[in-house]
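Q: I have a structure open and would like to talk through its aromatic residues. Could we start with the terms and then go to the details?

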Amino acid sequence: MEEDDSVSLTLHTLASIRSLIINADTPFSVISSVLDFLTGLLPRDDSPILHHVLKLLSDLSLSRNELTPQIFESILSNLLRLQTSAAESLAVLASLSERNPTAAAIDGEAFATICIGADVSSRMWMLRNAERFDLPSSVLFTLCFGFTKDPYPCIRRVALDGLVYVCEAGGFDHARAVQGCYARAVELLDDDEDSVRSSAVRAVSVWGKVLITSKEETRRRECSDAVFLQLCSVVRDMSVDVRVEVFKAFGVIGTASESIILQTLSKKVLKAGKGKKPQNRFSNESADAAAAAGVFIHGFEDEFYEVREAAVESFHSLSVNSIEFPDEAVCLLMDMLYDDYMVVRLKALEALHHIANMGNLKIQETYMPAFLDAIVDTSENIRLTARNILKLAKLPDMKLVNKGVDGVLKSLEMYPQDEPDIFSTLFLLGQNHSNFVVNIIKRFRAKLETDSGNKSEFNSQQVSAFLMFIISAPLSNKQSITSIPPLAFSYSLAMVEKFSCGLHEMMDQDTLLAYLAHCTTLSSASGTEFNKADTFLNAYRRSTADHSGNPVLLPSKDIPAESISIDSIAELEIRNPELKSISHIQLKVKAAWLLLKLECSNEAFRALRACKQELATLTANSSISNGALKFMCQYVHLIELLAQVWPHFENSRHTSTCRSVELEMLMEELEIKLMEIRCRFTGLSTEVSLVMELVIFGCLLRLYKFEICCRLNCKKKLSATVSQLELHHEQQCTKPSDFLTETKKSLQEIGSSADISCLTLLDLIKKFNCFSPEQFTLSGNLQCVSAELEVPGNGPYNPVSFVAGLPVAIPCEIKLLNVPRDARLWLRISRSDDTCQFVYLDPNLYNGGETEKRFMFTAVACMTPRAVVFTLQVSIGIECLFEDVCCRKHRYGPKHPVTYLCKEREVHFSLVSRTEAVL
Amino acid sequence: MAIDCLVLGAGQEIGKSCVVVTINGKKIMFDCGMHMGCDDHNRYPDFSILSKSGDFDNTISCLIITHFHMDHVGALPYFTEVCGYNGPVYMSYPTKALSPLMLEDYRRIMVDRRGEEELFTSAHIASCMNKVIPLDLKQTIQVDEDLQIRAYYAGHVLGAVMVYAKVGDAAIVYTGDYNMTTDRHLGAAKIDRLQLDLLISESTYATTTRGSKYPREREFLQAVHKCVAGGGKALIPSFALGRAQELCMLLDDYWERMNIKVPIYFSSGLTIQANMYYKMLISWTSQNVKEKHVTHNPFDFKNVKDFDRSLIHAPGPCVLFATPGMLCAGFSLEVFKHWAPSPLNLVALPGYSVAGTVGHKLMSGKPTTVDLYNGTKVDVRCKIHQVAFSPHTDAKGIMDLTKFLSPKNIVLVHGEKPSMMSLKDKITSELGIPCFVPANGETVSVASTTFVKANASDMFLKICSNPNFRFSNSSTQLRVTDQRTADGVLVIEKSKKAKIVHQDEVSEVLHEKDHVVSLAYCCPVKVKGESDDVGLIKQLSEKISETVSCADEIHESETCLQVGSFKGSLCLKEECVHRRGISSSCSEVKFLCCNWSVADLELGWGIINAMKQNL
């Protein structure tokens with residue numbers, strides 16, 4: 001590059017420089033001299049050449065990224081000198097800095113200077129691309145604000161867009177600037193150019209929003225009304241874009257006084273709006289509510305669907321934000337259901353759905369066809385939204401209900417893929433219209449008769465659809481159950497899987513099963529049994545009723561998580577019949593618990609006994625460990641105990657002494673069993689919470705039923721267990737059950753006072769619903785701690801000899817299984833008169849690596865009576881370390897309660913006869 | 001200059017629309033209609049007001065027809081063929097296509113059925129249509145050197161336009177009939193925001209405000225559905241073009257949706273022919289139809305069949321569209337005669353009925369018998385349903401359009417006087433625009449805009465090329481003004497073209513010197529010690545450079561010193577005019593007479609203060 005500056009540059013030279021630049025093999029020295037040469041040309045401000053030079057520099061940076069900062073620097077330093085191609089160099093700078101963020105930023109002042117000096121096209125480019133230069137918002141604001149005065153409409157437009165950008169970027173809330181900006185945008189609503197007006201509308205909405213939020217609370221309403229009315233004045237603009245923007249802007253503002261909203265629904269100026277002319281302080285014009293006359297009527301009947309869509313959408317957002325939204329509005333929206341455009345119909349349906357959610361939707365006969373059309377629409381979204389509305393709808397008469405059901409059936413026929421959601425629609429429809437169930441039953445019977453000739457048709461969708469409607473009726477109207485043939489419920493039981501698929505949002509399969517089973521018995525029974533239905537239905541309704549008093553059933557748990565787990569479990573079950581029967585047993589236990597709550601205790605016992613029998617037939621194998629099986633047995637036993645305890649709580653609090661003794665005993669046993677299940681299993685994971693909740697439940701029962709004296713201890717235990725369980729959840733990162741959180745809350749409320757409200761307790765007790773499936777996963781390494789104790793050779797005919805008053809040794813052969821390291825084992829030696837003695841088992845005896853350990857141990861029994869023969873009961877117990885609350889005071893013995901690992905072994909003793917002794 | 005608006009027809013009445021506007025000497029005639037309710041000479045506008053001699057060619061620059069309705073086009077053959085106007089006639093393509101059909105139909109009814117004298121012949125219609133120059137939407141036509149016209153979409157009927165006319169700087173819009181809301185087949189009126197001196201608007205419904213169109217459509221459909229469901233026959237008398245198509249689209253859609261099998265009939269060949277035009281002129285229909293017709297032409301009605309006269313007495317329900325509307329004559333009246341006595345049947349009357357027609361009688365009460373034109377009486381036991389849609393805009397639409405265009409003046413035509421008066425009051429009070437309601441034969445004159453053309457000086461142009469923003473912070477808000485034009489001065493010299501110069505150039509242009517404001521003060525200075533004048537100046541200069549920060553360069557000469565525009569020299573006068581409040585008695589005080597320009601105001605006072613400290 002020995003060329004001198006004086007040598008006139010030809011395009012040819014520049015072309016050869018370009019080839020040097022794009023050639024990747026050009027040595028760096030050449031490139032750097034090319035760079036020097038090119039940057040040397042920059043100050044010349046020779047625009048025809050400069051254009052090429054800038055292009056070459058940009059290419060150079062593209063091929064040699066490391067030079068970018070240097071190139072950036074040199075262009076930047078010459079920026080203000082490059083009068084004619086300043087905008088072009090800015091474009092190069094922008095692209096350079098985007099490619100290499102390390103390059104320095106462009107000075108805001110320089111940008112402003114260039115922008116003001118530039119010609120129209122460059123100015124427009126600069127304003128449009130200002131965002132790329134990372135300018136301070138004050139500079140950008142000043143520039144854009146100034147250029148709203150530009151004589152060129154295109155500049156005014158981009159300036160307004162720039163202001164919108166500044167506003168949306170946030171952080172610019174200087175009060176006068178906001179006010180000024182809003183006022184300027186309002187002025188431009190009257191611009192002659194369509195594009196300027198549409199940008200102005202956007203600017204008015206965003207700056208208006210800022211203005212509203214900047215006002216103090218009391219004046220906000222006034223201000224938002226003023227902005228709203230200001231926007232109303234351009235609703236009748238002839239430009240489609242402007243109209244679309246205006247309706248979008250209403251959505252941005254999102255709120256207005258009710259009188260204004262009412263006015264927007266009527267083209268006639270309403271009396272309320274007449275004469276009342278709130279002074280609009282923001283543009284020195286009086287804004288009259290009359291400006292809002294018929295705004296939405298115009299929007300809804302606009303020629304262009306874009307406008308109608310925007311109108312419906314903004315209408316929706318207004319209805320979201322307005323507490324009271326007039327009924328007239330609903331009629332207007334209904335008309336939009338006949339729109340030719342799918343998107344408008346969908347938006348209208350969505351808005352209607354929202355209104356229905358607020359409980360304000362009354363579907364009249366006039367509009368029913370529109371809904372039915374929507375239900376069989378070709379668009380999936382429309383069908384879905386229409387069904388969602390129907391789920392919430394309250395239809396006034398039989399005719400409409402029939403029409404609704406027909407529509408849904410038709411849609412089921414046309415779009416079988418919608419089946420689950422259609423089922424849930426019918427279920428809710430039935431629930432909301434239980435008064436009409438008789439008629440639907442008639443239709444159902446007719447349907448069955450026509451289908452009966454063809455047995456394969458039994459499963460037809462239509463029959464199931466009718467069933468869905470019918471079986472939901474008792475949920476809202478219990479009397480209706482008498483009119484429902486038991487047949488309906490038993491048929492539904494056969495289709496429970498299909499149904500629960502549709503109802504997964506409302507209830508799980510177990511609940512549905514229990515419900516159906518319950519209804520079957522109820523509908524066939526009469527009179528006395530009938531009232532029992534209340535409990536189930538009321539409990540169900542209470543837990544699921546939404547705020548509008550509508551029995552909408554809320555999802556009880558996270559659906560996706562559940563479905564995943566169900567899937568994986570289902571997969572496992574296919575491979576393993578044992579696992580399947582275990583999960584069946586779980587279901588049964590759950591159902592039994594529900595039955596129990598409904599005061600059907602006999603059925604519950606029967607179910608639980610069946611469970612036990614079934615468990616007994618199972619054998620351990622690879623997929624289900626012995627420990628898990630044992631755990632299940634224990635668990636079912638516990639539930640059975642609870643089932644026995646339960647009726648005592650159902651009745652009044654004061655019971656006869658005899659019953660209370662029985663209860664006391666049952667509770668005792670329950671607590672022992674609870675302790676056992678806690679201590680005897682290792683490798684518990686999620687089951688811990690299962691067990692602990694039972695413990696908590698036990699405590700609650702005790703607190704509720706028993707005398708003041710044991711309350712304090714019981715409460716201590718309760719809070720201890722609650723915190724333990726909480727800790728467990730924290731460690732395992734699992735979600736505490738509702739029962740636990742409720743209990744914790746009540747505990748906090750109760751505080752330290754001994755006075756506990758029985759109602760709270762009863763509430764809590766009623767909340768307990770056994771278990772949820774995720775608690776019951778039966779982890780693979782569940783092990784049962786057990787022991788075997790044998791006194792070899794000992795028997796009634798071969799007793800151990802003893803000398804009265806002296807200690808006697810009992811030779812024990814002990815086999816331990818799965819004893820954890822930190823366990824403390826005791827040998828309990830007891831006499832029938834309830835005196836007992838504990839002997840500590842030295843851990844060294846059994847602490848080996850293996851799970852099974854056999855050893856001999858000689859226990860010394862101190863309490864030999866003055867008797868010829870006697871027996872002692874020996875058993876091995878494990879100390880329950882966590883039961884530290886009510887510790888027992890034995891002089892030598894465990895500090896904590898002990899639970900036993902094996903059956904008591906009777907050891908027989910006989911007094912050493914003198915002769916024998918002599919001998 | 002002024003704009004004169006002479007109303008020949010449709011002034012304070014509906015019918016025979018004809019307005020002649022003179023803009024800067026150019027006469028334009030808008031519409032040339034006939035009055036449907038008159039049988040005498042009043043049915044045509046009084047053209048003699050324009051020219052006693054009948055030399056219309058030289059009086060009128062052009063004639064523009066907005067749409068094909070008889071009250072807008074009816075007098076055209078008479079004016080061109082009988083009165084002999086030979087100048088250009090403009091109308092939109094659809095209007096040009098459909099007008100001859102309308103005219104011919106009307107001529108046939110008037111002459112063949114009622115036996116009236118022939119006002120124009122078929123040949124007249126044909127030759128008058130030959131003079132027509134078709135217009136397209138938004139196409140600007142230079143009628144002659146000064147006059148340009150442009151058509152905008154007006155809705156109302158197929159091919160209806162609003163017309164913008166501009167002569168020099170003065171511009172007006174004549175709306176013709178228009179509709180501000182879209183209907184089933186036509187769009188809403190659409191116009192740009194224009195700078196107008198005058199807007200001439202129709203005002204058929206000057207006091208009515210209509211609600212949403214959807215309930216109205218529903219009522220109509222329900223009425224018809226109820227009638228046919230009950231086995232009745234529904235008669236919809238309407239003109240072949242316009243309402244017939246709209247209602248038919250509505251019914252056809254509804255029939256599809258509700259799966260109704262009852263036949264819909266169109267009575268005459270004219271309607272079928274008109275449907276064909278509609279199918280062809282899709283670009284003049286609403287957005288909805290335009291987008292739909294790609295897949296299915298909405299004017300291909302699925303349920304519509306031709307009607308045969310024998311079907312009048314056929315049993316079973318049906319829907320019949322019969323021409324003409326208003327039940328004024330012809331086939332619709334004949335069918336009405338047969339169907340009216342049955343209570344099962346329905347007559348649905350769309351739109352406006354002119355006073356004197358059977359339609360008007362039916363609407364204005366619930367008559368049990370109706371006199372037909374030839375004296376026979378008919379028992380009316382059928383149901384009457386007034387279809388409340390109209391292709392005319394309502395009062396709110398007129399207000400909206402006026403507000404949007406913001407013309408300097410407005411003239412209302414094509415309406416009934418009382419309601420026009422109330423609309424006039426509304427416009428004047430709410431929008432503050434002068435509004436006129438001239439009667440037939442009256443002329444309204446309004447001032448027109450004229451712009452003065454001026455040359456601009458190079459300097460002014462150069463300065464104007466870059467913005468010059470000034471931000472001002474008023475009490476509540478930030479304001480911005482662009483100062484660039486504020487620096488200009490308009491200079492109008494005798495017999496020369498006006499010129500705008502930059503304010504700096506004014507003195508040069510006017511050959512005047514600039515006035516300079518300067519300040520003067522004779523400042524007392526204390527002499528320290530025995531220094532002479534030169535020493536004093538030196539002292540002062542040091543002092544100034546010490547204390548005054550912006551005094552960069554101080555020039556000293558013997559008895560003077562100079563800093564920028566500030567000049568000070570020793571004053572030897574006994575009584576200096578600039579010396580104030582200080583007596584010269586003290587011998588140790590000398591005076592420095594200073595003057596400086598306004599530009600250095602701060603600097604000057606700074607120096608004075610510094611020197612005073614020396615005192």
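A: Let us begin with burial: a residue is called buried if its relative accessible area is under 20%. Please keep in mind that this is a predicted model.

Q: OK, so is A:Phe145 buried or exposed, and why?
A: A:Phe145 has a relative accessible area of 1%, which is under 20%, so A:Phe145 is buried.

Q: And what about A:Phe141, buried or exposed?
A: A:Phe141 is buried as well, with a relative accessible area of 3%.

Q: Where do those two sit in the chain?
A: Both belong to helix 8 of chain A, which covers residues 137-147, and they are four residues apart, or about one turn of the helix.

Q: How many aromatic pairs are there over all chains?
A: The search of the whole structure gives 39 aromatic pairs over all chains. In the pair formed by A:Phe141 and A:Phe145, the ring centres are 5.4 Å apart and the planes are at 15 degrees, so this pair counts as stacked.

Q: Which residues do ring pairs link into a cluster with them?
A: The cluster joins A:Phe141 and A:Phe145 with A:Phe147, A:Trp207, B:Phe469 and B:Phe471, and therefore has members from both chain A and chain B.

Q: Switching topic, which arginine lies over the face of A:Tyr415?
A: That is A:Arg383, at 3.5 Å from the ring centre. In chain B, B:Arg210 lies over the face of B:Tyr205, at 5.0 Å from the ring centre.

Q: Last one: how much of chain A is buried?
A: Of the 919 residues in chain A, 52% are buried, and the chain has 39 helices and 13 strands.

Methods
Residues are numbered from 1 along each chain as its sequence is written. Chains are lettered from A and ligands numbered from 1 in the order in which they are written. This is a predicted model: local features need pLDDT of at least 70, side-chain atom pairs count only at pLDDT 80 or more; totals for chains, interfaces and linings use all residues. Side-chain values use heavy atoms; hydrogens and water are left out. Buried means under 20% relative accessible area, exposed over 50%, partly exposed in between (1.4 Å probe, protein chains only). Rings of Phe, Tyr and Trp (its six-membered ring) pair if their centres lie within 6.5 Å; planes under 30 degrees apart count as stacked, over 60 as edge-to-face and the rest as tilted. A charge sits over a ring if NZ of Lys or CZ of Arg is within 6 Å of the ring centre and within 35 degrees of the ring normal.
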